Amino acid sequence: MKSAADAINANLAINIDRVVHRYEAREQSAFFIEQWQLASAERVFLHGESGSGKTTLLNLLAGVLTPESGSIELLGQAFSSLTARQRDKFRAQHIGVVFQQFNLIPYLSVLKNIQLAAYFANEKQGNVQAFAEQLLDKLQLPKTILKQAAGTLSVGQQQRVAIARALINRPELLFVDEPTSALDASARDAFMELLIEICDASSTTLVFVSHDLYLRRFFETFVDIKSLRSSEGVTEC
């Protein structure tokens, strides 16, 4: 029979326990979160000033960085203890990520960039283009852009393509880092409405990082990263 703790953990999308990440360039400084949990389908606006550790936290959650100690569980999986290949597979199948650097392949078309995300997740390719067209339309991009090389697009267009790529697999976990910084007010609001709509439809857990407090209005949960970080047992940066 499962314990009460097991039942609670089964409903957690994110479970961080005493995670330490030490910055190599400053050996005495460390990023430390004692504990943080998010329930499945929860959406959180994570706020913090530049240099406060927002991107470090997203990199840890996405498996780009691994903690020096402590554990990160995602969807009940001991994610931080997986091998690099296992983390890559898990990320492709369960996580959508939009970082400040869009990581599009510049010489491939927009469609190919989006299809690659579906390919690595072992998703069927048949409906990818149709769904990509729907996403781009809602992000105020014409479907003709699918044929263009990603490197020929403006910064704002590349950002919206990166958003569409992250959403194409309807991920269970979605991590976004300053995703509206290159968008005008109209495109920003359209993106936020689309993001919330898709997260609602798919019961996606969303960690949305931004310094723009205007966007807080789209979320029920607000967290200042300063409230997560602790100096217990390590030297803070």
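User: What is the relative accessibility of Lys138?
Analyst: Lys138 has a relative accessibility of 38%, so Lys138 counts as partly exposed. Buried stands for under 20% relative accessible area, exposed for over 50%, and partly exposed for what lies in between, using a 1.4 Å probe and protein chains only. This is a predicted model, in which local features need pLDDT of at least 70 and side-chain atom pairs count only at pLDDT 80 or more, while totals for chains, interfaces and linings use all residues. Residues are numbered from 1 along each chain as its sequence is written, and side-chain values use heavy atoms, leaving out hydrogens and water.

User: Which residue does Lys138 form a salt bridge with?
Analyst: The partner is Glu197, with the closest N and O atoms 2.8 Å apart. A salt bridge here is a side-chain nitrogen of Lys or Arg within 4 Å of a carboxyl oxygen of Asp or Glu. Lys138 belongs to helix H5 (residues 128-138) and Glu197 to helix H7, so the pair ties together parts that are 59 residues apart in sequence. Helices (H or I, at least four residues) and strands (E, at least two) are DSSP runs, numbered from the N terminus. Glu197 is also partly exposed, at 42% relative accessibility.

User: How many salt bridges does a search of the whole structure find?
Analyst: The search finds 6 salt bridges. One of them joins the side chains of Arg43 and Asp200, at 2.4 Å from N to O. That pair links distant parts of the chain, with Arg43 in strand E3 and Asp200 in helix H7 (residues 185-202), 157 residues apart.

User: Is Arg43 buried or exposed?
Analyst: Arg43 is buried, with a relative accessible area of 19%. Its partner Asp200 is partly exposed, at 46%.

User: Which side chain meets Arg91 in a salt bridge?
Analyst: Asp88 does, at 2.8 Å from N to O. The two residues are 3 apart in helix H3, so about one helical turn separates them. An α-helix has 3.6 residues a turn, so residues three or four places apart point the same way. Asp88 is partly exposed, with a relative accessible area of 42%, whereas Arg91 is among the buried residues of H3, together with Arg87, Phe90 and Ala92.

User: What do the buried residues of H3 pack against?
Analyst: They pack against helix H2 (54-62), strand E4 (69-74), strand E5 (77-78), E6 and helix H4 (110-120). Helix H3 (residues 84-94) lies across E6 and strand E7 (173-177), at about 90° to E6. Axes are lines fitted to C-alpha atoms, for helices over the stretch in contact, and angles run from 0 to 180 degrees between N-to-C directions. Contact means heavy atoms within 4.5 Å.

User: On to the sheet: in what order do the 5 strands stand?
Analyst: The order is E6-E7-E8-E3-E9, in an open sheet with parallel pairing. Strand E6 (95-98) and strand E9 (221-224) stand at the edges with a single partner strand each, so one side of each has no neighbour in the sheet. From one strand to the next, the twist averages 15°. Two strands pair if DSSP finds at least two bridges between them.

User: How many bridges join E3 to E9?
Analyst: There are 4 bridges between strand E3 (residues 43-47) and E9, and the two run parallel. His47 stands opposite Asp224 in E9.

User: Where does helix H6 lie?
Analyst: Helix H6 (residues 155-167) lies across E6 and E7, running at about 170° to E6. Ala164 is placed in helix H6 and counts as buried, at 0% relative accessibility. Neighbours within four places in sequence aside, Ala164 is in contact with Ile114, Leu135, Leu136 and Leu139.

User: Which side chain of opposite charge is nearest to Arg160?
Analyst: That is Asp184, 6.4 Å away; Arg160 is buried yet has no salt bridge. For charge, Lys and Arg count as positive and Asp and Glu as negative, while His and the chain ends are not counted. Arg160 also lies in helix H6. Apart from neighbours within four places in sequence, its contacts are Leu139, Gln140, Leu141, Leu183 and Ala187.

User: Finally, the whole chain: how many helices and strands does the protein chain have?
Analyst: The protein chain has 8 helices and 9 strands. Of its 237 residues, 49% are buried. Among contacts between residues at least 6 apart in sequence, 70% join residues at least 24 apart.
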